[in-house]
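User: Hey, got a minute to go through this one with me? I'd like to start with a helix and then look at charged pairs.

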Amino acid sequence: MDEEIIDELMKKHNAILLRIAYYYTKNLHTAEDIVQDVFIKYFQKKRSLQGDAVEKYLMKMTVNKAKDHLKSWHYQKLRFQEKWFAGKKVMPVDQLVLQDEEDMISAAIFSLPVKQREVIAYYYLEGFNAKQVAQLLNIPDSTVKSRLVKGRNELKQKLEMVEWEVLKNEPL
């Protein structure tokens, strides 16, 4: 593959692959490393896929690489260290209410189990339909739908007691 093709592929697919890796790892640097590894492996194998097949292949590689990372000993060690040495976060006093509410929603999504979080992220944040999510994760459509229902119910419970400043003055 020549450099122009490599650059074009990376520019076209980098953003979505980065978001996918981030949904799993919750760490931007780790997500960037995973995406970089995916591109390296793709170019080393010298696959000659065309059109949507390239994106689907890269997405599947990213999902698998991210899941492998979550299972790794290194990640488990980091999680233990984070819990052990966790300190209190100091938030700026004048943080925007909207940003605060987005953070609450993000935290609620990230607190979901991985199986529910991944379908919620693909369906709502990436705009995939249930069939596309099922193909990406190699699971039946009905499993995607049931995980969406469970994830939505869990999010509803987690966010039910929050008083939403942005919606306070909205007519019902």
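**Helix H3 and its partners**

Analyst: Sure. Helix H3 covers residues 52–71, and its 20 residues at 1.5 Å a residue should span 28 Å; the end C-alpha atoms are 29 Å apart, which agrees. The expected span is 1.5 Å times one less than the number of residues. Helices are DSSP runs (H or I, at least four residues), numbered from the N terminus.

User: Before we go on, what kind of model is this?

Analyst: It's a predicted model: local features need pLDDT of at least 70 and side-chain atom pairs count only at pLDDT 80 or more, while totals for chains, interfaces and linings use all residues. Residues are numbered from 1 along each chain as its sequence is written, and side-chain values use heavy atoms, with hydrogens and water left out.

User: Ok. Which residues in H3 are buried?

Analyst: Among them are Val54, Tyr57, Leu58, Met61, Val63 and His69. Buried means under 20% relative accessible area, exposed is over 50%, and partly exposed is in between (1.4 Å probe, protein chains only).

User: What does Thr30 touch?

Analyst: Leaving out residues up to four places away in sequence, Thr30 touches Thr25 and His69; contact means heavy atoms within 4.5 Å. Thr30 sits in helix H2, residues 28–45. The C-alpha atoms of Thr30 and His69 are 8.9 Å apart, with their positions 39 residues apart along the chain.

User: And is Thr30 buried or exposed?

Analyst: Thr30 is buried, because its relative accessible area is 19%.

User: Switching to charges: how many salt bridges are there in the whole structure?

Analyst: The search finds 4. A salt bridge here is a side-chain nitrogen of Lys or Arg within 4 Å of a carboxyl oxygen of Asp or Glu. One of them pairs Lys65 with Asp37, closest N and O atoms 3.9 Å apart. That pair links helix H3 to helix H2, 28 residues apart. Lys65 is partly exposed at 24%, and Asp37 is partly exposed at 31%.

User: What about Lys67, which side chain does it meet?

Analyst: Lys67 meets Glu118 at 3.8 Å, N to O. This links helix H3 with helix H6 (residues 114–125), 51 residues apart. Lys67 is partly exposed at 28%, whereas Glu118 is buried at 5%.

User: Which other salt bridge does Glu118 make?

Analyst: Glu118 also meets Arg147, at 3.7 Å, N to O. Arg147 is in helix H8 (residues 141–159), 29 residues from Glu118, and is buried at 15%. Shared partners join Lys67, Glu118 and Arg147 into one network.

Conventions. Helices (H or I, at least four residues) and strands (E, at least two) are DSSP runs, numbered from the N terminus.
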